[in-house]
Amino acid sequence: MRLLDEIFPLVEGFYVDLHKNPELSHSEHRTASGVAEWLTRTGYEVHKGVGGTGVVGILRNGPGPTVMLRADMDALPVEERTGLPYASTAHATDDEGKEVPVMHACGHDAHTACLVGAADLLSESREEWTGTVMVVAQPAEETLDGAQAMIDDGLYERFGRPDVILGQHLGPQPAGLISHRAGVILGAADSYRVRVFGEGGHASQPHTTIDPVLVAAHIVTRLQGVVSREISPSEMAVLTVGRIQAGTKANIIPDEAYLEVNTRALNDNVARQLEAAIERIVRAEAAASGATREPEVERFEGAGITVNDPTSTAEVAAAHHAYFGDDYVIHLPDPFPGTEDFSCFGLPADPQPIPYVFWFVGATPHDVWEAAPGDTPYEKMGNVPSNHSPFFAPSREPTLRAGLAAITVAALSYLGSERSAPPAADAAPMGGAYEGRSYDAGPEPVGDPFPVDAPPPADAPAQAESFGPPPGESAPANPFGPPPGEQAPPSGYGPVPADAPPADSYDQPPRSYGPPMGEPYAPRAETGGQEANDAYDSAFLASSWPDPDQEDPAKSTHDADMDAVIGAQDEELREEWRSEKAEESTLSADMAAILDDDPQGPPHGQDPQGPPQGPPPQGPPHGQPSGPAFGGPPPRGDAHQAPPPGPDDDLPDSEYRL
C-alpha cells in the first residue's frame with residue numbers, strides 16, 4: 001500500500017478526465033479504451049467489447065483464488081450544475097434520438113478510476129500475493145442490463161469463474177467513510193411501460209370519446225394505494241409513476257396515453273406483488289372506462305436485490321477495520337432502497353452462486369456535511385446533494401483515496417492470505433509489470449486518458465501515509481461516532497514505547513487497528529443501554545432497529561460475530577510468527593509500517609536530520625488516530641498538490657460548490 005501515494009496522482013487525473021468526458025449507457029467507447037490502455041500498460045491480459053463496451057483484464061500470478069473487481073462506467077442524462085472547474089459540458093444522443101446533457105452524477109467515474117488504480121497497485125506488488133485478479137469494467141449499469149449482457153457474452157466461460165466478487169459505490173456519507181452491511185444492502189427495482197387506449201375526438205364532445213387521459217389519471221391515483229393498503233407494513237415498498245404523456249393540443253382528446261412506472265422492494269415476493277397490482281389496476285381501470293382495446297403493460301428494466309454474503313462481508317469489513325481504523329468504518333443497520341445490477345454477477349439463480357461483497361464509500365465534502373440541516377446522520381444524508389443530483393460533487397481527494405485503498409485492501413484480504421498457495425515455479429514473473437497481451441480492436445481514446453504527467457521523482461521527500469488532518473489542524477467530528485461529550489472506544493492503536501522493537505520486527509505482534517489481541521470485537525461503546533454510535537440514532541429507523549441479542553448475524557454486519565473473525569485472524573498471525581512465514585503473506589503485514597514509515601521517528605512534518613520546525617502539531621501524537629472523522633490524507637508534496645487539468649486549477653473545489 002506504500003505505492004498508493006505514487007499512483008494516486010494518475011488515478012486523480014484519470015478521474016477528472018472521465019468526469020469531463022462522460023458517456024451514456026451502451027456508449028462508453030472512450031471510457032472503455034482508456035481503461036483498456038491503462039490495464040495493458042500495467043501488465044494485464046485485456047479484452048474489449050465484452051457485453052457491448054465492457055472491458056475485462058486478467059492478471060495471473062500463480063495458484064490461489066480468483067478475485068473479481070468490478071466497476072461501472074456509464075453516466076446519466078443530467079445537466080451538471082456543480083460549478084466545478086472540471087464540470088461536464090457534454091451532450092449526447094439518447095436511445096430515443098434526443099440530444100441530452102450528460103453527467104457523471106452517480107460516481108461511476110470514481111468507481112472506474114479506483115478500479116484501474118487498484119489493478120495497477122496489485123500488478124506492481126505481485127511479490128506480496130498469489131492468485132488471479134479479474135478486473136471487470138462494466139457498461140450500462142444505469143439501464144440495469146450491462147452486467148447480464150457481459151454474463152450472456154460468456155464472461156465466466158471465457159475468463160474463468162471467480163471465487164469472490166468485490167464492488168463499491170459512492171454514497172452521500174461523509175467523504176472517506178466506508179459503510180458495510182451483510183445480507184440485503186440494496187433493493188430490487190423494476191420499471192414498466194404502460195399504454196392505455198381510448199377513442200379520441202373533439203374536446204367539446206367528450207361523450208363521443210373514450211378519454212385515455214382520464215383512464216391514466218385514475219391509474220396514477222389508484223396505484224398510490226397499493227403500498228399503503230396491499231403491502232404489509234413490515235415490508236419496504238415504493239411505487240412511483242415517473243412519466244406520463246398524452247395528447248398534442250388542449251382541445252383534442254387523444255387516442256392513447258403513455259405511463260412509466262417504477263417499483264422498489266427489499267424482497268422478491270414484494271416485488272412480484274407490486275407487479276401483479278400494476279397489471280390488475282391498469283386493466284381494471286381501462287375496462288371501467290369502457291376501453292375497447294386491452295392496455296399494454298411491459299416490464300422493460302429491472303434488477304434483483306443485492307445480498308452480500310455474510311462470511312465474505314465479515315472478512316472484507318475486518319480488513320477495512322484493520323486498515324482504516326474502527327472510527328472510519330461503519331455497519332449499516334438497514335438496507336438502501338437504491339438498486340444495482342451488480343448482483344447479477346453473483347449468479348443468484350445458480351445452484352452454487354458466487355459470493356460477493358458490495359460497500360459504500362462516502363463522498364460528501366465535510367464542510368457540506370457539517371452545514372447540512374439535520375440532527376442525525378440519516379437526516380443529513382437526506383439534505384446533501386446525493387447520487388443522480390445535478391449538484392453531486394464528491395470531495396475528490398478523500399473520496400478517491402478511500403475508494404482506491406478500500407478495493408485494494410479488500411482484494412489483498414483474499415490474495416494475500418494463507419488461502420493463497422505459495423507461487424508455483426511457472427508463475428507470472430514477479431516485480432515490475434510485465435507486458436500484457438494487446439487489447440482487442442476498438443476505438444482509441446480521444447485525448448490523453450492519463451493527464452497527470454508522472455509520479456513523484458525518485459529523490460522527492462518520503463511522504464508518510466496518514467489518514468488524519470494536516471499537522472496543527474483538528475479533524476472534523478465523525479457524525480457516525482460517539483455523540484459529543486461521550487468517550488470514544490479505544491482503537492488499540494497507541495503511541496509507540498521508546499523501547500519498542502523496530503516496525504519490521506516480527507518478534508512482537510504488529511500494532512493493531514482493531515481490538516487488542518484475544519479480545520472480542522465490539523462495534524461501539526454502550527451508554528445507558530444504547531449504542532453511543534449515533535449512526536443508528538434515527539427517528540425513522542427506531543421502529544425497525546433490531547435487538548442486537550436477537551438478530552440473525554447472517555443478516556446484518558451490525559451484529560456480525562466479528563469476534564470470531566478477528567480471533568481467527570489473530571490465530572493465523574500467531575501461527576505465522578511461530579513458523580517464520582511472516583514474509584510470505586500480507587496477512588501478517590506490519591500495519592504500523594504500512595501506514596507509518598517511521599513509527600519511532602520525529603513528529604510528523606519535521607526533518608529527521610534537522611531541528612524541529614515551528615511548534616509541535618496540535619492533536620494526538622503522530623501514529624495515533626488524529627480524529628474521529630476520516631477525511632483522507634491531506635495533500636503533501638508536489639505530486640498531491642498538482643491540480644487537475646483545467647483553466648481554474650488554482651481555485652479550491654469549495655468555491656464552486658453550490
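**Figure 1. A low-confidence stretch, residues 577–658.** In this region, pLDDT stays under 50, and the model has 166 contacts beyond four places in sequence for it. Residues 448–567 also keep a pLDDT under 50, here with 225 contacts beyond four places in sequence. This is a predicted model, and where pLDDT is low, the predicted coordinates should not be read in detail. For the protein as a whole, the average pLDDT is 76, and 63% of the residues score at least 70.

**Figure 2. The eight-stranded open sheet.** Follow the strands across in the order 1-2-6-3-7-18-8-17, and you will meet mixed pairing along the way. Strand 1 (45–50) and strand 17 (329–331) stand at the edges; each has a single partner strand, so one side of each is left without a neighbour in the sheet. From one strand to the next, the twist averages 25 degrees. For a closer look at one pairing, turn to strand 8 (residues 178–180) and strand 18 (residues 356–364), which are antiparallel and share two bridges. Here Ile178 stands opposite Val361 of strand 18.

**Figure 3. Helix 3 packed on the eight-stranded sheet.** Helix 3 covers residues 108–124 and touches strand 2 (54–61), strand 3 (66–72), strand 6 (131–138) and strand 7 (164–174). The direction of the helix makes about 150 degrees with that of strand 3. Most of helix 3 is covered, with 16 of its 17 residues buried. How far apart are the end C-alpha atoms of helix 3? They are 24 Å apart, which agrees with the 24 Å that 17 residues should span at 1.5 Å a residue.

**Figure 4. Helix 8 and its strand contacts.** Helix 8 (residues 310–324) also packs on the eight-stranded sheet, where it touches strand 7, strand 8, strand 17 and strand 18. Its direction makes about 155 degrees with that of strand 8. Eleven of the 15 residues of helix 8 are buried, so the helix is largely enclosed by the rest of the structure. Among the buried residues are Ala314, Ala317, Ala318, His321 and Phe324. The end C-alpha atoms of helix 8 lie 20 Å apart, in agreement with the 21 Å expected for its 15 residues at 1.5 Å each. Just after the helix comes Gly325, with a positive phi near 100 degrees.

**Figure 5. The four-stranded open sheet.** This sheet has the strand order 12-14-10-15 and antiparallel pairing. Strand 12 (237–246) and strand 15 (296–303) are its edge strands, each pairing on one side only. The twist averages 20 degrees from one strand to the next. Strand 12 and strand 14 (residues 256–265) run antiparallel and are joined by nine bridges; look for Val238 opposite Arg264 of strand 14. Helix 6 (residues 212–230) packs on this sheet, in touch with strand 10 (188–197), strand 12 and strand 14. The direction of helix 6 makes about 170 degrees with that of strand 12.

**Figure 6. The surroundings of Asp341.** Asp341 sits in the loop between strand 17 and strand 18. Is this residue buried or exposed? Asp341 is buried, with a relative accessible area of 0%. The Asp341 side chain reaches the backbone nitrogen of Gly146 at 3.4 Å. Beyond four places in sequence, Asp341 touches residues including Arg70, Gln138, Glu141, Leu144, Asp145 and Ala303; Gly146 is also one of its contacts.

Definitions and conventions: Residues are numbered from 1 along each chain as its sequence is written. This is a predicted model: local features need pLDDT of at least 70, side-chain atom pairs count only at pLDDT 80 or more; totals for chains, interfaces and linings use all residues. Side-chain values use heavy atoms; hydrogens and water are left out. Two strands pair if DSSP finds at least two bridges between them. Axes are lines fitted to C-alpha atoms, for helices over the stretch in contact, and angles run from 0 to 180 degrees between N-to-C directions. Contact means heavy atoms within 4.5 Å. Buried means under 20% relative accessible area, exposed over 50%, partly exposed in between (1.4 Å probe, protein chains only). A polar contact is a pair of N or O atoms within 3.5 Å; within protein, one must be able to donate a hydrogen and the other to accept it, and residues adjacent in sequence count only if both atoms are side-chain atoms. The expected span of a helix is 1.5 Å times one less than its number of residues. pLDDT is the predictor's confidence in each residue, from 0 to 100.
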